[in-house]
Amino acid sequence: MFFAEARVRVFIYGQPVDARKSYGGLYALARNEMKQDPLSGHLFCFINRRANQVKVLYWDRSGPPGRSG
């Protein structure tokens, strides 16, 4: 995977997250709980309660910000 940014940081949310949460919900967690900018180009990792699934939030600048999918 190629990252255009010079330094990409990885942030891991420290609590289990409902795996059904949409990207809009993960955006809100990164913004409000982690106090980070989800549009920064960094990676935001969220792990479910059973620790068998991981969701990674990354804005690649190809779509409009704030759009949940």
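**Reading a small mixed sheet**

Guide: Strand S1 (residues 10-12) and strand S2 pair in the parallel sense over 3 bridges, and we can begin there, keeping in mind that the model above is predicted.

Visitor: How are strands of a sheet held in pairs, and which residue of S2 does Val10 stand opposite?

Guide: As a general idea, strands of a sheet pair through backbone hydrogen bonds, and they do so either parallel or antiparallel. In this structure, the residue of S2 that stands opposite Val10 is Leu43. Between the two strands the chain passes through helix H1 (residues 23-33), and this β-α-β crossover from S1 to S2 is right-handed.

Visitor: In which sense do S2 and strand S3 pair, parallel or antiparallel?

Guide: S2 and S3, the latter made of residues 54-57, pair in the antiparallel sense over 4 bridges. You can find one place to look by taking Ile47, whose bridge partner in S3 is Val54. The two strands form a hairpin with 6 residues between them, and in this hairpin Ala51 takes a positive phi near 60°.

Visitor: How should I put the elements together, and in what order do they run from the N terminus on?

Guide: It helps to list the elements along the chain before looking at their places in the sheet. The chain has 1 helix and 3 strands, and from the N terminus on its elements run β-α-β-β. The sheet itself is open, with its 3 strands in the order S1-S2-S3 and with mixed pairing. S1 and S3 are the edge strands, since each of them pairs on one side only. If you ignore direction, neighbouring strands of this sheet are turned by 25° against each other on average. Helix H1 packs on the sheet, where it touches S2 and S3, and its direction makes about 75° with that of S3.

Visitor: How many residues of S2 are buried?

Guide: Strand S2, residues 43-47, is mostly covered, with 4 of its 5 residues buried. For the chain of 69 residues, the share that counts as buried is 25%. The accessible surface of the chain comes to about 5200 Å², and 49% of that surface belongs to carbon and sulfur atoms.

Visitor: Phe11 and Ile12 both catch my eye; is Ile12 buried or exposed?

Guide: The way to decide is to compare the relative accessible area with a cut-off: under 20% is called buried and over 50% is called exposed. Ile12, which is placed in strand S1, has a relative accessible area of 57% and is therefore exposed. Phe11 also lies in strand S1, but its relative accessible area is 13%, so Phe11 is buried.

Visitor: Which residues farther along the sequence are in contact with Phe11?

Guide: When neighbours within four places in sequence are left aside, Phe11 is in contact with Met34, Gln36, His42, Leu43, Phe44 and Cys45. The C-alpha atoms of Phe11 and Phe44 are separated by 4.8 Å, although these residues are 33 residues apart along the chain. Ile12, with residues up to four places away not counted, touches Met34, Cys45 and Ile47.

Visitor: His42 appears among the contacts of Phe11; where is the place of His42?

Guide: His42 is in the loop between H1 and S2. Its relative accessible area is 16%, so His42 is buried. A polar atom of the His42 side chain lies 2.9 Å from the backbone nitrogen of Arg9. Beyond its neighbours within four places in sequence, His42 has contacts that include Arg7, Val8, Leu57 and Tyr58.

Visitor: What joins the side chains of Asn48 and Asn52?

Guide: The side chains of Asn48 and Asn52 are joined by a polar contact of 2.7 Å. Asn48 has its place in the loop between S2 and S3, and because its relative accessible area is 11%, Asn48 is buried. A polar atom of the Asn48 side chain also lies 3.1 Å from the backbone nitrogen of Gln53. With neighbours within four places in sequence left aside, Asn48 is in contact with Pro16, Val17, Ala19 and Gln53.

Visitor: What share of the contacts with a separation of 6 or more comes from residues 24 or more positions apart?

Guide: Residues that are 24 or more positions apart account for 48% of those contacts in the chain.

Notes: Residues are numbered from 1 along each chain as its sequence is written. This is a predicted model: local features need pLDDT of at least 70, side-chain atom pairs count only at pLDDT 80 or more; totals for chains, interfaces and linings use all residues. Side-chain values use heavy atoms; hydrogens and water are left out. Buried means under 20% relative accessible area, exposed over 50%, partly exposed in between (1.4 Å probe, protein chains only). Two strands pair if DSSP finds at least two bridges between them. A crossover is right-handed if, with the strands pointing away from the viewer, the path from the first strand over the helix to the second runs clockwise. Contact means heavy atoms within 4.5 Å. Accessible areas come from the Shrake-Rupley method with a 1.4 Å probe; for residues, only the protein chains shown count as cover. A polar contact is a pair of N or O atoms within 3.5 Å; within protein, one must be able to donate a hydrogen and the other to accept it, and residues adjacent in sequence count only if both atoms are side-chain atoms. Axes are lines fitted to C-alpha atoms, for helices over the stretch in contact, and angles run from 0 to 180 degrees between N-to-C directions.
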